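Hi,

Here is the structure we talked about. Have a look, then read on for my notes.

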Amino acid sequence: MVRAAVDDPELGEPPRRKRGGAPVTALLVLFAAAFLGWAALPLLGLDVFDRYTIAFVALLQYAVPVGVVLALVALVLRRWLTTLVVALAVVGLVAFVAPRAVPDAQPTTPGTPLRVLSLNTYFGRADAAQIVDLVRRGDVDVLGVQELTPELVAELDRAGLGQVMPHRVFHAGPAADGTGIASRFPLQELSLVPKTTLHQPSARILLPGGKSVEFVAVHPLYPVGADTADAWQRDLAALPEPPHDGAVRLVAGDFNATLDHTPLRALLGRGYRDAAEVTGAGLQPTWPRPDQWLPPPVTIDHVLVSGSAAVRDYRTVPVRGSDHRGILADVVVPR
């Protein structure tokens, strides 16, 4: 009678046990804690202490698929609380990252179009002829060049850069030290950035019709060296805030930072807009080069725009010899 009662289907099945027991639970909780810590780094501003936290934040968008897999594993193993916590964190990450793939509304005020190209040339190894061809055929108005060596300057001149962009502020140097600005239009060198580890020159570009725009060529020291994180923070902190008089300022280059890093988010919080993000291209990677997938591609090159300028278009372009993609942005400077 007792056995029959236990087997009676009307009494229901005995509760299912969790799969794997305590060791599996402990391992899953450990992975979940690591995932939650990864997701929380930028929210808590903990990505500025050392190169490891900086690197993990650079890869934050990849935490989304990692979290999805972890939640599915927890679901299969019937760890309901772990499944719920990880799933909520994944939803939060998606809400944090996904808007970069959605275009924002832009001002429709008429003005002067300005096409900007920025490129890290990988210690001056980028193909100078292709750079000049991009400038000439793409009707580029302003060119920002990072890791500008004296040898690359000579190659650019031989390729005819001076003919299409006769105005320049070049601070060439060895290896990664040099940075430069070239323009179709007259320019005046400014000192918007104090001395930093690598050159970060600035200039006022005089546009047709009497308008002007300020341009800063950006290249802070890379942050994942043995002792470079502090210099990276100082170099980014040295970048100027948006002007408060309504003038337009473009801050473009290799920031060595994604939109998730605290120093860059702080700069955006002061009034800049990221050209890739506002056009829905904020997840397009810029480093490493297109045929390289290790390390995982990330978006560390940016064009930031201030004031009432509108961003009409943004895209990345591969350049032979460089480990970065070039970034092209079409901006309209209001009249």
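Below are notes on the pockets and the nonpolar cores.

This is a predicted model, so to speak: local features need pLDDT of at least 70, side-chain atom pairs count only at pLDDT 80 or more, and totals for chains, interfaces and linings use all residues. Residues are numbered from 1 along each chain as its sequence is written, and side-chain values use heavy atoms, with hydrogens and water left out.

Pockets first. A pocket here is an open set of points on a 1 Å grid over the protein atoms alone, where a 1.4 Å probe fits, with protein on both sides within 12 Å along at least five of seven lines; lining residues have an atom within 4 Å of a point. The largest pocket has a volume (the space filled by probe spheres set on the points) of about 510 Å³. It is lined by 26 residues, and Tyr-222, Val-224, Asn-256, Trp-287 and Ile-300 are the closest to its centre. The second largest pocket comes in at about 230 Å³. Its lining has 16 residues, with Val-193, Lys-195, His-199, Gln-200 and Pro-201 closest to the centre.

Now the inside. A nonpolar core is a set of buried Ala, Val, Leu, Ile, Met, Phe, Trp, Tyr and Cys residues joined through side-chain atoms within 4.5 Å, where buried means under 20% relative accessible area (1.4 Å probe, protein chains only). The largest one has 29 residues, and Leu-114, Ile-205, Phe-215 and Leu-250 have the most contacts (heavy atoms within 4.5 Å) inside it. A second, separate core has 22 residues, including Ile-131 and Leu-152.

Cheers

Technical notes: Buried < 20%, exposed > 50% of the residue type's maximum accessible area, 1.4 Å probe, protein only.
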